[in-house]
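Thanks for sharing this one; here are a few notes to read alongside the coordinates. Please have the viewer open as you go.

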Amino acid sequence: MTIETDIITKLQNTLKPEHLEVINESHMHNVPPGSESHFKVIAVSDDFDGLMLVARHRLINRALAEELKGPVHALSLHTMTPQEWAEKGEAPASPPCMGGGK
Amino acid sequence: MDVLERIDEAVKKHAVFIFMKGTPQFPSCGFSSRTAEALKQCGHEFGYCNVLADPEIFENLPRYADWPTFPQVYINGELIGGCDITCEMFEKGELQKMIDEAVSAKA
């Protein structure tokens with residue numbers, strides 16, 4: 001199983017999201033081809049209702065603690081309630097790498 | 001001084017503080033760069049620590065506020081978040097307001 005599918009499975013189980021996108025952006029960074037190190041997550045869930053952004057991100061960081069301790073080096077998170085998603089409908093693009101590595 | 005005490009002292013001493021890869025002038029990560037830029041746009045001075053130059057902080061910062069990634073922005077000693085949260089708050093005008101208040105309270 002790839003890390004990407006692990007992330008999808010864990011977030012599906014934790015958040016029961018209405019919409020979930022997990023995008024491997026590792027190719028944008030200073031890592032070997034085929035790496036699974038940098039991900040962007042767009043998650044739309046009722047569970048975020050009433051939570052500050054920090055708390056929403058913590059839910060995801062905790063669900064993916066194992067991945068973050070190991071292979072996953074960067075996780076860009078865009079967390080919305082279904083209502084916010086309806087208003088916004090997109091997440092901003094991630095920044096380009098500047099070569100910093102670990 | 002213990003590393004967690006050093007972190008604690010840094011975030012409490014400054015109204016606004018960022019742990020980042022590189023420096024605000026020469027960032028070495030796109031996420032750190034974008035975040036430092038949002039802080040600069042708010043027009044107040046802020047403290048920073050280049051985690052790439054301080055391996056002890058690099059290793060231990062994630063457990064200070066239970067936050068696994070860099071950059072990390074603190075206002076009034078409280079973790080605000082990383083790049084995505086800081087930039088989202090900046091776009092909504094919330095970051096400016098929070099920083100203005102923190103800086104005037106510290107003055």
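The points below take the chain contact and then the aromatic pairs of this predicted model.

1. Let's start with the interface. Chain B brings 21 residues to the contact and chain A brings 24 residues. Together they bury about 1900 Å², with carbon and sulfur atoms giving 59% of that area.

2. On the polar side, two salt bridges are counted between chain B and chain A. One of them joins the side chains of B:E88 and A:K88, at 3.7 Å from N to O. Seven residue pairs are in polar contact across this interface, both residues being at pLDDT 80 or more.

3. Which elements of chain B supply at least two residues each to the side that touches chain A? They are α2 (30–41), β4 (78–81) and α4 (83–92). The most comes from α2(B), with four residues. By type, this side of chain B has 11 nonpolar, five polar and five charged residues.

4. Now for the rings: over all chains, the search finds four aromatic pairs. B:F19 and B:Y74 form an edge-to-face pair, because their planes stand at 85°, with the centres 5.7 Å apart. B:F19 lies in strand β1 and B:Y74 in strand β3, 55 residues apart. Relative accessibility is 0% for B:F19 and 1% for B:Y74, so B:F19 counts as buried and so does B:Y74.

5. B:F58 and B:F70 are stacked, since their planes are at 20°; the centres are 5.0 Å apart. B:F58 sits in helix α3 and B:F70 in the loop between α3 and β3. Both residues are buried.

6. Finally, a cluster worth displaying: B:F17, B:F19, B:Y64 and B:Y74 are linked by ring pairs.

Terms used
Residues numbered from 1 in each chain as written. Chains lettered and ligands numbered in written order. Predicted model: local features only at pLDDT ≥ 70, side-chain atom pairs only at ≥ 80, totals over all residues. Heavy atoms only, no water. Contact = heavy atoms within 4.5 Å. Buried area = accessible area lost by both parts, 1.4 Å probe. Salt bridge = Lys/Arg side-chain N within 4 Å of Asp/Glu carboxyl O. Polar contact = N/O pair within 3.5 Å; in protein donor to acceptor, adjacent residues only side chain to side chain. Nonpolar A, V, L, I, M, F, W, Y, C, P; charged D, E, K, R; others polar. Phe/Tyr/Trp six-rings, centres within 6.5 Å; stacked < 30°, edge-to-face > 60°. Buried < 20%, exposed > 50% of the residue type's maximum accessible area, 1.4 Å probe, protein only.
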